[in-house]
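Here are my notes on the model you asked me to look over. I've kept them as numbered points so you can follow along with the structure open.

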Amino acid sequence: MFILGIVVFAVGLLISIAWHELGHLSTAKMFGIRVPQYMVGFGPTIWSRQKGETEYGVKAIPFGGYIRMIGMFPPGPDGRLEKRSTSPWRGMIEDARSAAFEELRPGDETRLFYTRAPWKRVIVMFAGPFMNLILAVALFLTVLMGFGITQQTTTVASVSRCVIAQSENRDDCKASDPASPAAAAGLKAGDRIVSFNGVPTDSWNQLSDLIRANPGKEVPIVVDRKGQDVTLHAKIATNQVAKKDSSGQIVEGQYVSAGFLGFSAATGVVKQDFGESVTWMGDRIGEAADSLAALPGKVPALWDAAFGDGPREPDSPMGVVGAARVGGEIATLDIPATQQLAMFVMLVAGFNLSLFLFNMLPLLPLDGGHIAGALWESLRRNTAKVLRRPDPGPFDVAKLMPVAYVVAGIFICFTLLVLVADVVNPVRIS
């Protein structure tokens, strides 16, 4: 089952890569750019087929992919034209000026990437990451609305015997602690709260907000107890409780004075409606962007986890190997098959979201670097037009290749560090 989980993730990975490159391919062909090659993977070719002017194929190492477009950069001083890959790795070994000179065919002078208007080049380079974003959203919606996600519900798991400030971080009741409103009202484990103070309660966040907003008030609470509606009355206490942010998530280490009922909510798999799904995805995209920005600060801990005795943090950066191991663990979990499938889909969705955000960084050799170059060219040309100055011509992105090599080198070193950590001290979910 572990091996099966790895295989399932690998298939999802290959589909995601192929989908990304399809975005580049389709828009490049739409704008008349010649694309000699479309490949999924790196290294030796294990299968390929020529269709029209493009060779389609699969390579042996499934850690990426690329399309090759002619004329990615404008000609150099010697007038030579070159090819360039949308892949950062392959781009490191391709000469920035002369490698594609031999591939030019009669008539290709009008089919070069750099000759297209900047907005068309932006579309071609953005299309790849955008395809990953589309796939991530589709997969997230499939899980959220079709399978549901594990979250707290309005069902009571346990009832607190007394009122204890959450900042005290203790469970034992002292003689001086007052009885909890839930215990005094007769709330029991297994009760499902269907309304609070006359307001129907459909979600834990809604119920939690209602309780917090009514300190000191005596309110009616209707619960479903073994199929029967029972009305209880509780006087909501005022207590120090964990602070919540705007999205309803607990803010660690911060507390506020608010209403307190005194019970623990049970967890369950709950399907989300479209609005809830959009809110959830918005929160995850924000968190993913924050995590990407925080990557440099996580390198020391990652190094210690890979080469020292440090623990591997749950939010530690994880590569393809680590994600494949997580896929293997998912297949071995003792949970319903539907939830295993949902976790696999979530894993692939998260991978696609990461691909989108990472590729949008405005750095060569990433897609975002080429987008930034096209936007800069557009700004220069429009500024020259407004000021009635000569057209400065295409922006020579090839001049930034030394920076691209440095960036690619940093990425490779980081990837190797993550690979070592994924092998010797992997992130585990069980």
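In which loop is K226 found? That is where I'll begin, with the reminder that this is a predicted model.

1. **K226.** K226 is found in the loop between β7 (218-225) and β8 (228-235). Its phi is near 55°, a positive value in a residue other than glycine. K226 counts as exposed because its relative accessible area, 84%, is over the 50% cut-off.

2. **R388, another positive phi.** For R388, phi is near 60°, again a positive value in a residue other than glycine. You'll find R388 in the loop between α10 and α11 (401-424). R388 is exposed too, with a relative accessible area of 78%.

3. **A cis peptide.** Have a look at the bond joining L364 and P365: it is a cis peptide bond, with omega about 10°. P365 sits in the loop between α9 (337-359) and α10.

4. **Salt bridges, starting with a buried pair.** The structure holds eleven salt bridges. In one of them the side chains of R121 and E377 meet at 2.6 Å, N to O. This pair links distant parts of the chain, with R121 in helix α3 and E377 in helix α10 (residues 367-386), 256 residues apart. Are R121 and E377 buried or exposed? Both are buried.

5. **The network around that pair.** R121 and E377 don't stand alone: together with R381 and D391 they are linked in a network of salt bridges. If you are clicking through the model, it is worth displaying the four side chains R121, E377, R381 and D391 together, as one network.

6. **D209 and K244.** Here is another salt bridge, between the side chains of D209 and K244, at 2.9 Å from N to O. It also links distant parts of the chain: D209 belongs to helix α5 (residues 204-212) and K244 to strand β9 (residues 237-244), 35 residues apart. The two partners fall into separate exposure classes. D209 is partly exposed, with a relative accessible area of 42%, whereas K244 is buried, at 17%. K244 gets that label because buried means under 20%.

7. **E287 and R284, within a helix.** The side chains of E287 and R284 meet in a salt bridge of 2.8 Å, N to O. How far apart are E287 and R284 in helix α6? They are three residues apart, so about one helical turn separates them. E287 is partly exposed, with a relative accessible area of 38%, while R284 counts as buried at 17% relative accessibility.

8. **How α3 and α6 pack.** Two of the helices already mentioned pack against each other. Helix α3 (residues 118-147) and helix α6 (residues 274-293) do so at an angle of about 130°, with their axes 10 Å apart. That makes α3 oblique to α6, because 130° lies between the 115 degree limit for roughly perpendicular and the 145 degree limit for roughly antiparallel. The crossing of α3 and α6 is right-handed.

9. **A nonpolar patch.** F2, I3, V7, V11 and I15 make a nonpolar surface patch of about 460 Å². I3, one of these residues, lies in helix α1 (residues 2-30). I3 is exposed, with a relative accessible area of 65%.

10. **M30.** M30 is also placed in helix α1, and M30 is exposed, with a relative accessible area of 55%. What separates the C-alpha atoms of M30 and L341? The answer is 36 Å in space, and 311 residues along the chain.

11. **F414.** Last stop: F414, placed in helix α11. F414 is partly exposed, with a relative accessible area of 23%. F414 and D290 are 124 residues apart in sequence, and their C-alpha atoms are 18 Å apart in space.

Conventions. Residues are numbered from 1 along each chain as its sequence is written. This is a predicted model: local features need pLDDT of at least 70, side-chain atom pairs count only at pLDDT 80 or more; totals for chains, interfaces and linings use all residues. Side-chain values use heavy atoms; hydrogens and water are left out. Patches are made of residues with over 30% relative accessible area and no salt bridge: like charges are joined within 9 Å, nonpolar side chains (Val, Leu, Ile, Met, Phe, Trp, Tyr) within 5 Å. Accessible areas come from the Shrake-Rupley method with a 1.4 Å probe; for residues, only the protein chains shown count as cover. Helices (H or I, at least four residues) and strands (E, at least two) are DSSP runs, numbered from the N terminus. Buried means under 20% relative accessible area, exposed over 50%, partly exposed in between (1.4 Å probe, protein chains only). Axes are lines fitted to C-alpha atoms, for helices over the stretch in contact, and angles run from 0 to 180 degrees between N-to-C directions. Angles under 35 degrees count as roughly parallel, over 145 as roughly antiparallel, 65 to 115 as roughly perpendicular and the rest as oblique. A crossing is left-handed if the near helix is turned anticlockwise from the far one by less than a right angle, and right-handed if clockwise.
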